[in-house]
Amino acid sequence: RSPARGYRHDSLDGFDLVYGSEAIRSIFPFVTDKAQVMLHARRCGWMDALGLGQATLAAARRGAGGGAADVLRGEVVGFDRAPS
């Protein structure tokens with residue numbers, strides 16, 4: 001298991017294949033307990049979700065990909081959840 005900051009072994013890269021819900025949740029407690037196997041890519045950097053969303057919206061407004069998008073504004077007032 002890697003520390004929160006830095007790396008134990010600078011040469012350690014690639015992927016971790018983690019088996020079992022308990023093992024997964026001991027490393028990543030936010031992952032659902034239904035997960036049984038997980039592939040974790042090491043040292044891949046970070047994704048800027050806000051930046052990606054802004055770039056995607058800007059591209060849609062420009063018409064990238066074949067046509068301009070209509071941007072609708074609104075608000076979510078609730079959710080109905082169907083029984084699973």
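Reader: Which residue takes a positive phi just after helix 2?

Author: In this predicted model, the residue in question is Gly63, whose phi is about 90°. The value lies above zero, and on that ground the phi of Gly63 is called positive.

Reader: What makes residues 49–62 count as a helix, and how does the reach of helix 2 compare with the expected span?

Author: A helix requires a DSSP run of at least four residues, and helix 2 has 14. From its first C-alpha to its last, helix 2 reaches 20 Å, which is close to the 20 Å expected at 1.5 Å a residue.

Reader: What makes the pair formed by Asp48 and Leu50 at the start of helix 2 a polar contact?

Author: A side-chain oxygen of Asp48 comes to within 3.3 Å of the backbone nitrogen of Leu50. The cut-off for a pair of N or O atoms is 3.5 Å, and the pair therefore qualifies as a polar contact.

Reader: Why is Ser21 assigned to its burial class?

Author: Ser21 has a relative accessibility of 16%. Buried means under 20%, so Ser21 counts as buried. Ser21 belongs to helix 1, residues 21–27.

Reader: Which residues does Ser21 touch, leaving aside those up to four places away in sequence?

Author: They are Asp33, Ala35 and Gln36. With Asp33 there is also a polar contact: a polar atom of the Ser21 side chain lies 2.8 Å from the backbone oxygen of Asp33, and the limit is 3.5 Å.

Reader: Why is Leu39 called buried or exposed?

Author: Exposed means over 50% relative accessible area; Leu39 stands at 59% and is therefore exposed. The place of Leu39 is in strand 2.

Reader: What makes Leu39 eligible for a surface patch, and which residues form the nonpolar patch?

Author: A patch residue needs over 30% relative accessible area, and Leu39 has 59%. The nonpolar patch consists of Phe15, Leu17, Tyr19, Val37 and Leu39, which together have about 590 Å² of accessible area. Strand 1 (15–19) and strand 2 (37–41) are the elements that give two or more residues to this patch. The most comes from strand 1, with three residues.

Reader: What is the order of the elements in the protein chain as a whole?

Author: Starting at the N terminus, the order is β-α-β-α, and the chain accordingly has two helices and two strands.

Reader: How much of the protein chain counts as buried?

Author: Of its 84 residues, 12% count as buried. The chain exposes about 7,700 Å², of which carbon and sulfur atoms supply 55%.

Conventions:
Residues are numbered from 1 along each chain as its sequence is written. This is a predicted model: local features need pLDDT of at least 70, side-chain atom pairs count only at pLDDT 80 or more; totals for chains, interfaces and linings use all residues. Side-chain values use heavy atoms; hydrogens and water are left out. Patches are made of residues with over 30% relative accessible area and no salt bridge: like charges are joined within 9 Å, nonpolar side chains (Val, Leu, Ile, Met, Phe, Trp, Tyr) within 5 Å. Accessible areas come from the Shrake-Rupley method with a 1.4 Å probe; for residues, only the protein chains shown count as cover. A salt bridge is a side-chain nitrogen of Lys or Arg within 4 Å of a carboxyl oxygen of Asp or Glu. Buried means under 20% relative accessible area, exposed over 50%, partly exposed in between (1.4 Å probe, protein chains only). The expected span of a helix is 1.5 Å times one less than its number of residues. A polar contact is a pair of N or O atoms within 3.5 Å; within protein, one must be able to donate a hydrogen and the other to accept it, and residues adjacent in sequence count only if both atoms are side-chain atoms. Contact means heavy atoms within 4.5 Å.
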